[in-house]
Structure formats: C-alpha cells, structure tokens
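Please take a moment with the sequence and the structure shown here before reading on. The paragraphs after them lead through a few places, one at a time.

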Amino acid sequence: MTTSQKNALIVGASRGLGLGLVETFLKRGWRVTATQRKASPDLAKLATEALTIETADIDDDGAVAALHDRLKTRKYDLVFVVAGVATQAHDPLHEVPRDVAAQVYLTNAVSPIRFAELFADTVAPGGTIAFMSSILGSVGLNESGGWDNYRASKAALNTNARSFEVRHRERPFGILLVHPGWVRTDMGGAEADIDVATSVTGMADVIERRLGERGAAYLDYTGKTLAW
Ligand SMILES: NC(=O)c1ccc[n+]([C@@H]2O[C@H](COP(=O)([O-])OP(=O)(O)OC[C@H]3O[C@@H](n4cnc5c(N)ncnc54)[C@H](OP(=O)(O)O)[C@@H]3O)[C@@H](O)[C@H]2O)c1
C-alpha cells in the first residue's frame with residue numbers, strides 16, 4: 001500500500017450501483033471496504049487484496065455498531081451509503097400501507113444518517129461522506145409526480161444530510177448527495193436511460209474531483225448541480 005492510495009467504504013455493494021462503484025474504485029487503485037447484507041456472489045468475484053468484504057444491514061443498529069467496532073481504526077477518504085429501497089414505489093402514497101411507507105423512509109432517509117453519525121470518525125481529513133440520493137428527491141424539480149413515497153424519502157434524505165452537514169460543519173469532510181442517473185439495475189429496470197458502468201464512472205469522477213471540498217452539494221453523475 002502506498003501512502004497516496006485512497007480508501008473507500010461502500011455501503012450496500014451486493015449488486016447494482018454499489019457493486020459497480022466497488023469495481024470502479026478498485027480499478028482506479030483505491031482500497032475498498034464493501035458491505036453486503038448477505039453473501040453476494042457478484043461481490044465475491046471482485047476479490048483482491050485491496051478489497052475487504054463486510055456484512056451489515058443498515059437498518060440494524062447492533063450490526064452497524066459491530067461493523068464500526070471492526071473498522072474504527074481505519075481512515076476512509078470516502079464513505080458512500082448507497083443502500084436504498086423502492087418498495088411499492090409505483091403506488092400513490094395513499095395506497096401504500098403505513099408500515100411500508102415508514103420502512104422506506106427509515107431505510108432511505110434515517111439509516112444512512114445514523115450510519116454517517118457513527119462512521120464520521122473514520123473519515124480522513126479532506127474526505128467525503130456521500131449519500132445516494134435521486135433527482136426524485138428534488139422538491140423544486142418535481143413537475144411530473146409519481147413515485148410519491150420514494151420521492152419523499154429521498155427529499156428527506158437530502159434534508160437530513162444538510163442538517164448532518166450543519167451539525168458537523170467544523171469537521172474536515174464534505175457531504176455529497178448524488179443522483180446516479182436513471183440506471184438499468186434491479187431498481188431502475190430494463191427501460192432506464194444508462195447502464196451501471198456509465199453511472200458509476202461518472203459518479204467516481206465527480207467524487208474524485210470533489211475530494212477536499214467542504215459543505216453539502218447535490219450533484220448528478222455528470223457533476224451537474226441539482227435544485228433542492
Ligand atoms: N437505479 C436507479 O435508476 C437509481 C436512480 C436514483 C437513485 N438510485 C439509488 O441508488 C441506490 C442503489 O440503487 P440500485 O439501483 O443499485 O438498486 P438495487 O439494484 O435494488 O440495489 C439496492 C442495494 O441496496 C442494498 N440494501 C437495501 N436495503 C438495505 C439495507 N437495509 N441494508 C443494507 N443494504 C441494503 C441491497 O442489498 P441486498 O442485495 O441485500 O438487497 C442492494 O445492494 C439506492 O439508494 C437507490 O435509491 C437508483
């Protein structure tokens with residue numbers, strides 16, 4: 001390991017965008033710690049000396065605390081909470097059972113912040129804490145409706161991340177809310193605009209360019225700033 005080698009913690013890397021980010025950062029020479037909820041054959045295929053695979057569900061406070069215990073001596077240039085759900089995203093809000101709506105909010109908007117609170121002490125000076133948002137989380141850009149509960153959960157993630165940034169403003173890291181594009185994954189579906197490689201290459205470029213910057217930014221995978 002060289003002293004200039006960067007370190008990333010990618011949370012929610014069993015498949016889709018998280019898996020693609022792990023592959024991309026490894027190719028760029030980073031050391032990566034990747035988390036899964038249960039054994040992921042696709043993640044296992046990326047095995048190399050530079051990859052550490054850990055297991056944790058971000059909704060399980062005990063599992064996240066145990067993960068922090070295992071990793072607390074490490075320093076990460078990037079902590080990226082990618083994990084998210086879109087349960088019953090196509091149903092209008094009033095048709096989504098209350099417990100389902102609440103769980104989407106907890107996984108998408110609460111667990112990522114709780115994770116970041118715990119792992120803030122593992123972020124290296126000049127590093128970034130990134131959250132996987134969505135353009136659907138923009139209140140200002142919502143001209144088409146649809147995906148009500150998912151939209152609201154990502155808008156809440158944006159708001160909670162801004163409060164997190166204010167709470168930690170004196171600390172030497174920046175906050176990034178990232179829209180990956182509409183991507184062909186299990187969540188994005190086969191009709192989506194772009195493939196995983198295009199999205200994760202763009203996001204990795206945006207992250208590498210922004211290392212060392214403070215404050216909170218809401219950017220898409222091309223680096224374009226989005227309206228809150
Ligand atoms: N695809 C798109 O077009 C798009 C657009 C905007 C934003 N996003 C966001 O990008 C992120 C990744 O989406 P994706 O398209 O890659 O979706 P995906 O293929 O459905 O993958 C979701 C990932 O999140 C993990 N996950 C879900 N709940 C978790 C939990 N409680 N604890 C830990 N891991 C959990 C899943 O793990 P398991 O394999 O164990 O289920 C999986 O690795 C999400 O936050 C999503 O909202 C996606």
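What follows begins with the ligand and then turns to three single residues.

The model is a predicted one, and a good place to enter it is the ligand, which sits in the largest pocket. Among the secondary-structure elements, α1 (16-27) and α5 are those that give two or more residues to the shell around the ligand. In total, 28 residues surround the ligand, and the closest of them are Ser 14, Arg 15, Arg 37, Tyr 150 and Thr 185.

Which polar side-chain atoms lie at short distances from the ligand's own oxygen and nitrogen atoms can be followed residue by residue. In the case of Tyr 150, an N or O atom of the side chain is 2.5 Å from an oxygen atom of the ligand, while for Arg 15 the distance between a side-chain N or O atom and a ligand oxygen is 2.7 Å. Asp 59 has a side-chain N or O atom that is 3.2 Å from a nitrogen atom of the ligand. Taken on its own, the ligand has 900 Å² of accessible area, and the protein covers 95% of this.

From the ligand, the reader can move to the loop between α5 (148-167) and β6 (173-179), where His 168 has its place. Is His 168 buried or exposed? Its relative accessibility is 9%, and because buried means under 20%, His 168 counts as buried. When residues up to four places away in sequence are not counted, His 168 touches Glu 117 and Phe 173.

Arg 171 also lies in the loop between α5 and β6. Its relative accessible area is 30%, so Arg 171 is partly exposed, a class that runs between the limits of 20% and 50%. Leaving aside neighbours within four places in sequence, Arg 171 is in contact with Ala 120, Asp 121 and Arg 214. Arg 171 and Pro 125 are 46 residues apart along the chain, and their C-alpha atoms are separated by 8.2 Å.

The last stop is Gln 5, which is found in the segment before β1 (7-11). With a relative accessible area of 18%, Gln 5 is buried, because this value is under the 20% limit. Which residues does Gln 5 touch, not counting those up to four places away in sequence? They are Gly 29, Trp 30, Arg 31 and Asp 77. For Gly 29 there is a further detail, since a polar atom of the Gln 5 side chain lies 3.0 Å from the backbone oxygen of Gly 29.

Definitions and conventions. Residues numbered from 1 in each chain as written. Predicted model: local features only at pLDDT ≥ 70, side-chain atom pairs only at ≥ 80, totals over all residues. Heavy atoms only, no water. Helix = DSSP H or I, 4+ residues; strand = E, 2+ residues; numbered from the N terminus. Buried < 20%, exposed > 50% of the residue type's maximum accessible area, 1.4 Å probe, protein only. Contact = heavy atoms within 4.5 Å. Near = heavy atom within 4 Å. Polar contact = N/O pair within 3.5 Å; in protein donor to acceptor, adjacent residues only side chain to side chain. Areas by Shrake-Rupley, 256 points an atom, 1.4 Å probe, with all protein chains shown as cover. 1 Å grid on protein atoms, 1.4 Å probe; cavity = no way out; pocket = protein on both sides within 12 Å on 5 of 7 lines; lining within 4 Å. Sits in = over half its atoms within 2 Å of the grid points.
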